[in-house]
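Visitor: Could you take me on a close look at the nonpolar core of this protein? I would like to hear which residues build it and how far the prediction can be trusted there.

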Amino acid sequence: MEPESSLGKLTYDCEFDVGPAGSGNIAPEAITMTVFPAPEDQDNGAYYPWMSIAQNGLQPVVSIFIDIDTAKAALTEKDDLETHIKCIASYYLNSTFTQVPESSAAKYEVVYAGKEE
């Protein structure tokens, strides 16, 4: 394990986002997200600077568990189900995230297909 930076542990900070059109719900009631491992438990310093798997075999792995409460989703307006997630490489120290300079976000869209037009 690499020594912790003075800025904190290298983690991925994931949050709900407005998405490219700016209409994503940042506080969805029907959708919850859990990041594994939890950002405060991650330490991806051994993988930085980011290297390809082909170059050195190392690649940080983080997963996001998305849970959709179908009962709540059925009662939610279709526009309020538009949900996006953005994950950014960040340093985590004292419950604060600081984005890694020059890092770009991984962006995801959550699609709930159970709602009719």
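**A look at the core**

Guide: Gladly! Please keep in mind that this is a predicted model. The mean pLDDT of the protein chain is 84, and 83% of its residues reach 70 or more.

Now to the core itself. The largest nonpolar core consists of 12 residues. Among them are Cys 14 and Phe 16, the run-in of Ala 30, Ile 31, Met 33 and Val 35, and further along Ala 73, Leu 81, Ile 85 and Cys 87, with Val 110 and Tyr 112 also included. Two or more residues come from each of strand 1 (9-17), strand 2 (31-36) and strand 4 (83-93). Strand 2 is the top contributor, giving 3 residues. Strand 2 also has the highest mean pLDDT among the elements of the chain, at 93, while helix 1 (residues 53-56) has the lowest, at 66.

Let us pause at Ala 30, one of the core residues. Leaving aside residues up to four places away in sequence, Ala 30 touches Asp 67, Ile 68, Asp 69, Lys 72, Ala 73, Thr 76 and Leu 81. Two of these partners, Ala 73 and Leu 81, are core members as well.

Finally, a word on the aromatic rings. The model has 1 aromatic pair. Tyr 92 and Phe 97 have ring centres 4.9 Å apart and planes at 50°, so the pair counts as tilted. Tyr 92 is buried, because its relative accessibility is 16% and the limit is under 20%. Phe 97, in contrast, is partly exposed at 30%.

Conventions:
Residues numbered from 1 in each chain as written. Predicted model: local features only at pLDDT ≥ 70, side-chain atom pairs only at ≥ 80, totals over all residues. Heavy atoms only, no water. Phe/Tyr/Trp six-rings, centres within 6.5 Å; stacked < 30°, edge-to-face > 60°. Buried < 20%, exposed > 50% of the residue type's maximum accessible area, 1.4 Å probe, protein only. Core = buried A, V, L, I, M, F, W, Y, C linked by side-chain atoms within 4.5 Å. Helix = DSSP H or I, 4+ residues; strand = E, 2+ residues; numbered from the N terminus. Contact = heavy atoms within 4.5 Å. pLDDT = per-residue confidence, 0-100.
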